[in-house]
Amino acid sequence: MTQLSPSSAAPTARLSSGPNRAITLQFADNTLLSLLLGEHDRHLVRIEQLLGVRVSCRGNRVAIAGDGERVEAAQTILKELYSRLERHQGVSLSDVDAAIRLSDAEADPRLPLADLPAIRTKRGAVGPRSPGQATYMDMLARHEMVFGIGPAGTGKTYLAVAQAVAMLQAGRVDRIVLSRPAVEAGERLGFLPGDMKEKVDPYLRPLYDALHDMLPAEQVVRRFGNGEIEVAPLAFMRGRTLAHSFVILDEAQNTTPVQMKMFLTRMGEGTRMVITGDLSQVDLPVGQRSGLRDALDTLDGLAGIGVCRFDRRDVVRHPLVAAIVDAYEQRDAASGDKRREARAGRGPGAPLPGLPAPGGGDGAGK
């Protein structure tokens, strides 16, 4: 048994080797420990459920047992969450879930939790809650143009707005420009009531919500009033040059290739662009190619452009959202396999399903 050097500022650990590894952590502050455990130990229960380890607490000691790598991950998670409490930051169930996602051994790259990137606004730091978010945040800091692609609930839009606010407050850009195609679920601007702002507002609500998380309400109103934050419907951006701006195009899967090319070429001096979208939720007419997909194919490998692809492991909303995304992906994959099998079974020159075979026979499709 090896004992790590104890410290009043960090938990100590006693390790034992064997088929199932066991670790005992000792915490100096019982008040912080109670916050770490959560009400009715629900934080420990969540770690047990998601990592498949056994966790128990007695006094100021927390024992972890199970598979070696999983025990190591649980130890790292508990230490990091305890450090958050020592820095006077809260720990909620969503923070526990985020720490578990970030400890994923399959994450690439797998960073120490203390070394993760952060977006710093005057309302505090915004940190990643999944490995994909960590990669995305690093791209937002390093690249002038970033594509964030993935399912709902992965934080693509929220983190883009956080980076935009941080750069505006630091004086690195002069304004934030928010844009979104106004074709969604079969609706178009002309059929919606109100003036242009009232027509566009419903489409931009997720962006507004993120802004209000980053800035006090009175600042949001003031910055809209003086032009530091601007709403620019995609259809009205033609002919503009956007200089010294942070430009966000949300729901980009609903652009056409012509619209996407027009948007990307608005980029001026000192401007950052972030394009977000979910290629599984295209609302364009059947047969119309998505401008987002077209741009990703066209710009693949172009220097200076970052592309971050999220998956269901990066979903940070309710745990059911990840399960729902996974279920739809499995169904789509199964449908694709069936179509490929049907095409392979017909072979060259075979009749389509439901049509008679040459010569008047019953046909393969009956």
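Me: A polar contact is a pair of N or O atoms within 3.5 Å; within protein, one must be able to donate a hydrogen and the other to accept it, and residues adjacent in sequence count only if both atoms are side-chain atoms. What makes the side chain of Ser245 and the backbone oxygen of Ala243 such a pair?

Reply: A polar atom of the Ser245 side chain lies 2.8 Å from the backbone oxygen of Ala243. That is within the 3.5 Å limit, so the pair is a polar contact. This is a predicted model: local features need pLDDT of at least 70, side-chain atom pairs count only at pLDDT 80 or more, and totals for chains, interfaces and linings use all residues. Residues are numbered from 1 along each chain as its sequence is written, and side-chain values use heavy atoms, with hydrogens and water left out.

Me: Is Ser245 buried or exposed, and how do you know?

Reply: Its relative accessible area is 0%, so Ser245 is buried (under 20% is buried, over 50% exposed, partly exposed in between; 1.4 Å probe, protein chains only). Ser245 sits in strand S13, residues 245-249. Helices (H or I, at least four residues) and strands (E, at least two) are DSSP runs, numbered from the N terminus.

Me: Which residues is Ser245 in contact with?

Reply: Beyond four places in sequence, they are Val173, Arg175, Val177, Gly270, Thr271 and Arg272. Contact means heavy atoms within 4.5 Å.

Me: What makes a group of residues a nonpolar core?

Reply: The members are buried Ala, Val, Leu, Ile, Met, Phe, Trp, Tyr and Cys residues, joined through side-chain atoms within 4.5 Å. The largest core has 33 residues; Ile119, Tyr136, Val161 and Ile248 touch the most other members. At least two residues each come from helix H5 (131-142), helix H6 (156-169), strand S9 (175-179), helix H7 (196-214) and S13. H6 gives the most, with nine. A second, separate core of 26 residues includes Ile23, Val53, Val62 and Ile100.

Me: Why is the pair of Phe27 and Tyr82 called tilted?

Reply: The structure holds three aromatic pairs. For Phe27 and Tyr82, the centres are 4.7 Å apart and the planes meet at 50°. Rings of Phe, Tyr and Trp (its six-membered ring) pair if their centres lie within 6.5 Å; planes under 30 degrees apart count as stacked, over 60 as edge-to-face and the rest as tilted. The 50° is neither under 30 nor over 60, so this pair is tilted. Phe27 lies in the loop between strand S3 (21-26) and helix H1 (30-37), Tyr82 in helix H3 (residues 68-86), 55 residues apart. Both Phe27 and Tyr82 are buried.

Me: What makes the pair of Tyr136 and Phe310 edge-to-face?

Reply: The planes are 75° apart, and the centres 5.2 Å. That angle is over 60, so edge-to-face fits. Tyr136 in helix H5 and Phe310 in the loop between strand S15 (305-309) and helix H11 (319-346) are 174 residues apart. Tyr136 and Phe310 are buried.

Me: How do you know whether Ile64 is buried or exposed?

Reply: Its relative accessibility is 1%, so Ile64 counts as buried. Ile64 is in strand S5, residues 61-66. Beyond four places in sequence, its contacts include Ile23, Val53 and Leu78.

Me: What stands out about the phi of His40?

Reply: Most residues other than glycine have a negative phi. His40 is not glycine, yet its phi is near 55°. His40 lies in the loop between H1 and helix H2 (42-51). Its relative accessible area is 73%, so His40 is exposed. Glu251 also has a positive phi, about 50°. Its place is the loop between S13 and helix H9 (257-264).
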